[in-house]
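Thank you all for coming. I would like to take a few minutes to walk through a chain that is new to most of us, so please have a look at it before I begin.

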Amino acid sequence: MFVDFQTCRDCPPAIDVIFPLFMNLRMECEEEYLKYYWDQFKSILASNDDDGGESWGLSESDFLESYKEFKLFGYVYRALTATILNVPKEIVTEEYKNVERTTPLMKYMEENEEFRMLMEECVEDVIEAVANMSTKDETF
């Protein structure tokens, strides 16, 4: 079991790597990032366990499979957070955050081409991820 104290949920290690990958980093280097994360993860486990992390029972292929399984979550999370983090603070009211954000969001997309392009990219990523999941041809 992996406890993610930031979100206080049990989750696979893949979720931990999805947050920074999808929110901050360029996906062109996805395989490199995953390999680095896996190497660091195993190293930390090995240094903190009496059995070198073997009792954990998670192989690299299990980790990568889990990453593929939760990848859609990363795309959806990125799209949702972009509607809060990439808009002017003055439009992020309680109504916007908790009830209905369609009208102000669409207005801002009309006014700001860069934001509109970001949101279109987010939607395309979600659609592509769903399509890949349904065809089972997804690669990293």
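**One helix, then the whole chain**

Let me start with helix α5, where the face turned away from the buried side carries the exposed residues Thr-103, Lys-107, Glu-110 and Glu-111. I should say at once that what we are looking at is a predicted model.

Which residues of α5, a helix that runs over residues 102-111, are the buried ones? They are Leu-105, Tyr-108 and Met-109, and because these residues cover an arc of only 105° around the axis, they lie on the same side of α5. As a reminder, an α-helix has 3.6 residues a turn, so residues three or four places apart point the same way. As for what lies over the buried residues of α5, the cover includes α3, α4, which spans 94-98, and α6.

Stepping back to the chain as a whole, we find 6 helices and 2 strands, and if you read along the sequence the pattern is β-β-α-α-α-α-α-α. Of the 140 residues of the chain, 29% count as buried. If we take the contacts between residues at least 6 apart in sequence, 59% of them join residues at least 24 apart. The accessible surface comes to about 9,500 Å², and 54% of that surface belongs to carbon and sulfur atoms.

Now to the interior, where the largest nonpolar core has 19 residues, and the members that touch the most others are Val-17, Leu-21, Phe-22, Leu-34, Phe-41, Phe-63 and Tyr-67. Four helices each supply at least two residues of this core, namely α1 (13-24), α2 (30-48), α3 (60-85) and α6 (113-135). Which helix gives the most to this core? That is α1, with 7 residues. There is also a second, separate core of 8 residues, which includes Tyr-108, Met-109, Phe-115 and Met-119, and you will recall Tyr-108 and Met-109 from the buried residues of α5.

Finally, a word on the cysteines, since a search of the whole structure finds 0 disulfides. Is Cys-122 buried or exposed? Cys-122 counts as buried because its relative accessibility is 1%, under the 20% cut-off. Cys-29, on the other hand, has a relative accessible area of 28%, and is therefore partly exposed.

Note on methods: Residues numbered from 1 in each chain as written. Predicted model: local features only at pLDDT ≥ 70, side-chain atom pairs only at ≥ 80, totals over all residues. Heavy atoms only, no water. Core = buried A, V, L, I, M, F, W, Y, C linked by side-chain atoms within 4.5 Å. Buried < 20%, exposed > 50% of the residue type's maximum accessible area, 1.4 Å probe, protein only. Contact = heavy atoms within 4.5 Å. Areas by Shrake-Rupley, 256 points an atom, 1.4 Å probe, with all protein chains shown as cover. Disulfide = S-S within 2.5 Å. Arc of directions from axis to C-beta.
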